[in-house]
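Student: I'm new to this one and would like a close look at a single part of it. Could you walk me through it once the picture is up?

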Amino acid sequence: MNTTTVQLAAGVGDMTSYTLTSAGLALGIGLLTVEHVTWWRGGKGKSKDDDGGGKAKDPQELIPTWFGVAFGTLMVACPAGLLGYASGVLRWGGNGIGGTVMSWATGVDPQTVSNASAPRLDHGGALVVTALVITLFLLRKKFPKPTKGKFKKGLFVGVLLAIGTGIFAIIGDLVVPGANELGAWALSSIVKGDLGALV
């Protein structure tokens with residue numbers, strides 16, 4: 001009987017590294033805070049009939065944001081390709097925007113955050129991410145605009161905060177190895193017919 005184990009920590013050789021500044025980190029934290037404060041208080045639209053998409057403190061309202069965070073984390077875990085390149089561009093933009101705000105507001109130049117890294121996708125994880133990209137692309141017109149907006153903000157936050165140290169290391173160490181394990185399960189059980197992989 002085969003058992004599946006989830007690796008909660010990645011080795012140094014299994015990491016992808018990017019530069020993240022304290023200003024980019026501040027921007028990511030700020031965006032995530034705004035999303036959660038809005039969720040806690042309940043969204044309010046511009047018209048009397050528009051409640052902003054949900055009741056206050058409804059946990060389901062956070063799903064698009066946190067799915068975006070998870071997907072942004074998976075983007076950082078891509079060692080190359082369009083998603084890996086896009087995550088680098090988004091992080092560069094976040095560092096730049098955050099740096100401008102930090103310098104203007106405080107007069108302090110941002111510092112590079114050390115160990116800005118995330119676990120790397122393997123072949124199984126790449127299978128999962130590719131399936132997600134295809135699914136999201138084909139269903140992109142089915143999602144309402146508020147859901148798309150929350151997903152995009154979460155994705156940006158995930159790209160900025162998916163670092164290999166601190167609190168967000170927990171997210172990276174669950175999401176990326178989880179995707180790798182899910183892909184390995186799919187290859188073993190669905191493709192090769194190894195029913196033992198289901199256990």
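Student: Which residue forms a salt bridge with E61, and how far apart are the closest N and O atoms? Please start there, and then stay with the helix you land on.

Tutor: Happy to, and keep in mind that this is a predicted model. The partner of E61 is K150, with the closest N and O atoms 2.8 Å apart. The two come from distant parts of the chain: E61 sits in the loop between helix 1 and helix 2, K150 sits in helix 5, and 89 residues separate them. So helix 5 is where we land, thanks to K150.

Let's check the helix itself. With 17 residues at 1.5 Å a residue, helix 5 should span 24 Å, and its end C-alpha atoms are indeed 24 Å apart, so the two agree. Now, which of its residues are tucked away? The buried ones are K150, F151, G154, L155, F156, V157, G158, V159, L160 and L161. Notice that K150, our salt-bridge residue, is on that list. The cover over these buried residues includes strand 2, helix 1, helix 2, helix 3, helix 4 and helix 6.

A search of the whole structure turns up two salt bridges. In the other pair, K153 joins E35, and their closest N and O atoms are 3.3 Å apart. Because K153 belongs to helix 5 and E35 to helix 1, this pair ties together parts that are 118 residues apart in sequence. Side chains of opposite charge can pair when their charged atoms come close. The two partners differ in how covered they are: K153 has 43% relative accessibility, so it counts as partly exposed, while E35, at 11%, is buried.

Next, the nonpolar side of the story. The largest nonpolar core has eleven residues: L20, L32, V69, V113, F156, V157, L160, L161, I163, F168 and I171. Helix 5 and helix 6 each supply at least two of them, and helix 5 gives the most, with four. Take V157 as an example: leaving aside residues up to four places away in sequence, V157 touches G28, L31, L32 and V69. Another core, of nine residues, lies apart from the largest one, and its members include Y18, M75, V76 and F151. F151 is also one of the buried residues of helix 5.

Helix 1 has come up already, through E35, so here is the view from that side. Its 20 residues, 22-41, should span 28 Å at 1.5 Å a residue, and the end C-alpha atoms are 28 Å apart, so that agrees as well. Buried in helix 1 are A23, G24, G28, L32, E35 and W39. Those residues pack against strand 2, helix 2, helix 3, helix 5 and helix 6. Right after helix 1 comes G42, which has a positive phi, near 90°.

Finally, look just outside helix 5. F143 is found in the loop between helix 4 and helix 5. With 34% relative accessibility, F143 counts as partly exposed. Together with I134, F137, L138 and L139, F143 makes a nonpolar surface patch of about 490 Å².

Conventions: Residues numbered from 1 in each chain as written. Predicted model: local features only at pLDDT ≥ 70, side-chain atom pairs only at ≥ 80, totals over all residues. Heavy atoms only, no water. Expected span 1.5 Å × (residues − 1). Buried < 20%, exposed > 50% of the residue type's maximum accessible area, 1.4 Å probe, protein only. Contact = heavy atoms within 4.5 Å. Patch = residues over 30% accessible without salt bridge, like charges linked within 9 Å, V, L, I, M, F, W, Y side chains within 5 Å. Areas by Shrake-Rupley, 256 points an atom, 1.4 Å probe, with all protein chains shown as cover. Salt bridge = Lys/Arg side-chain N within 4 Å of Asp/Glu carboxyl O. Core = buried A, V, L, I, M, F, W, Y, C linked by side-chain atoms within 4.5 Å.
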